[in-house]
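Biologist: Please take me closely through one part of this model, the sheets and the hairpins that belong to them. Then set that part against the rest of the chain.

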Amino acid sequence: MIISEAHSAEVEAWRAARDERLRSPDGWLALVGLYWLVPGENRIGAHPTNQVMLRGKRIPPRVGSLWLEDGRVRLVPHPEAKLLVQGQPAAAMALDDDADGRSPTMLELGTLRFHLIRRGDRIGVRVRDTDAPALSRFQGIEHFPTDPSWRVVARLEPAVDGAMIEIVDVTGAVSLDPTPGTVVFERDGQRWGIAALPGDDDGSLELIFGDATNGADTYGGGRFVYTSPPAPDGSVVVDFNLAFNPPCVFSSYATCPLPPAQNRLALRIEAGELNYHPEPAD
């Protein structure tokens, strides 16, 4: 009983932190735009002829231009646009994107925050709004009841050095990502395996998986969960009560990876977040 109570408290604390992140102006609910850049000039502003059209309060027709050349992007702001970088007026400058875990250059204009993302050979502009309607309508996420039996001790079957798996995202972009191996566990008398990706700096693993609840109880595009760091004997803890929805559940402007074929399980994992259905607009 003590273990069950401690586990329930751990799950509840995780859910509260997750809720707080989603409600943040930097969270996925604030995402309001995604624009893929073309080589050469990409005009930005409120006018509909701009390649990057910004919607928001008091956004000028022309904010400036983003010049994409040789895989790099340079900002040339309009002198009267009041565009900011780190709280200071923006000048003509090269912009960093989010490739390889870098912190991208954040641009600010009114309630909007936008930056570059790199996905394969494409570069886009991701736009958030601190006044996004989805933030005010958010009423939280529903979950399966916490079930300690879905906190499983699995084992990592290591992959050969240099092993890669193919990941396709919702835009159709394909990437090859390194995999440390397959996380294997038993349920209902059967053996199940999920190919893992590197997780956080603590050595944890990321699992992108689909299961038989997808499309009904849970999001059709699968869910994510992080494991504990593998122990010296290869054991890992996978708590499916902490399985969570990908960003695409909250915004059509996200670029979510989908579970690879080998990670789609014919098993009902009745734990973690249920599908999210936003409140209708007034």
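Modeller: Five strands make up an open sheet of mixed pairing, and their order across the sheet is 3-2-4-5-8. Strand 3 (52-53) and strand 8 (93-95) are its edges, each pairing on one side only. The model is a predicted one. At the strand 3 edge, strand 2 (residues 40-45) and strand 3 run parallel and are joined by 2 bridges. One position can be named there: I44 has V52 in strand 3 as its bridge partner.

A further open sheet has 6 strands, with antiparallel pairing and the order 1-11-10-9-6-7. Its edge strands are strand 1 (31-36) and strand 7 (88-89), and each of these pairs on one side only. In general, the strands of a sheet pair through backbone hydrogen bonds, in either a parallel or an antiparallel way.

This second sheet can be followed from strand 11 towards strand 7. Strand 11 (residues 122-129) is antiparallel to strand 10, and 8 bridges hold the pairing. Within it, I117 has G124 in strand 11 as its bridge partner. The two strands form a hairpin with 2 residues between them, and G120 in the turn has a positive phi of about 65 degrees.

On the other side, strand 10 (residues 112-119) runs antiparallel to strand 9 (residues 107-109), with 3 bridges between them. L109 is placed opposite L112 of strand 10. Strand 9 and strand 10 also form a hairpin with 2 residues between the strands, where G110 adopts a positive phi near 60 degrees.

Next in the order comes strand 6, then strand 7. Strand 6 (residues 84-85) and strand 7 are antiparallel and share 2 bridges. Here V85 stands opposite Q88 of strand 7.

The neighbour of V85 to look at is L84, also a residue of strand 6. L84 counts as partly exposed because its relative accessibility is 28%, and the partly exposed class covers values between 20% and 50%. Leaving aside residues up to four places away in sequence, L84 touches P89, A90, M106, L107 and E108. Of these, L107 falls within the residue range of strand 9, as does E108. The C-alpha atom of L84 is 6.4 Å from that of L109, although 25 residues separate the two along the chain.

Another hairpin lies further along the chain. Strand 13 (residues 164-168) and strand 14 (residues 174-178) are antiparallel and pair over 5 bridges. V168 faces V174 of strand 14. This hairpin has 5 residues between the strands, and among them G172 takes a positive phi near 95 degrees.

Two single residues from later in the chain make a contrast in exposure. D188 sits in the loop between strand 15 (181-187) and strand 16 (190-198). D188 counts as exposed because its relative accessibility is 63%, and the cut-off for that class is over 50%. The C-alpha atoms of D188 and P60 are 60 Å apart, with these positions 128 residues apart along the chain.

N263 belongs to the segment after strand 19 (235-239). Its relative accessibility is 1%, so N263 counts as buried, a class that means under 20%. A polar atom of the N263 side chain lies 2.7 Å from the backbone nitrogen of A195. A195 is also one of the residues that N263 touches, together with I194, I208, F209 and G210, when residues up to four places away in sequence are not counted. Both I194 and A195 fall within the residue range given for strand 16.

Now for the protein as a whole. It has 2 helices and 19 strands. Its C-alpha trace spans about 65 × 45 × 30 Å along the principal axes. Of its 282 residues, 46% are buried. Among contacts with a separation of 6 or more, 55% are between residues 24 or more positions apart; the L84 and L109 positions are 25 residues apart along the chain.

As for the surface, the protein exposes about 14,400 Å², and carbon and sulfur atoms supply 52% of that area. The protein has 27 positive and 39 negative charges, and the mean positions of the two sets are 7 Å apart.

Technical notes. Residues numbered from 1 in each chain as written. Predicted model: local features only at pLDDT ≥ 70, side-chain atom pairs only at ≥ 80, totals over all residues. Heavy atoms only, no water. Helix = DSSP H or I, 4+ residues; strand = E, 2+ residues; numbered from the N terminus. Buried < 20%, exposed > 50% of the residue type's maximum accessible area, 1.4 Å probe, protein only. Polar contact = N/O pair within 3.5 Å; in protein donor to acceptor, adjacent residues only side chain to side chain. Contact = heavy atoms within 4.5 Å. Pairing = 2+ DSSP bridges. Areas by Shrake-Rupley, 256 points an atom, 1.4 Å probe, with all protein chains shown as cover. Lys, Arg positive; Asp, Glu negative; His and termini not counted. Charge placed at Lys NZ, Arg CZ, Asp CG, Glu CD.
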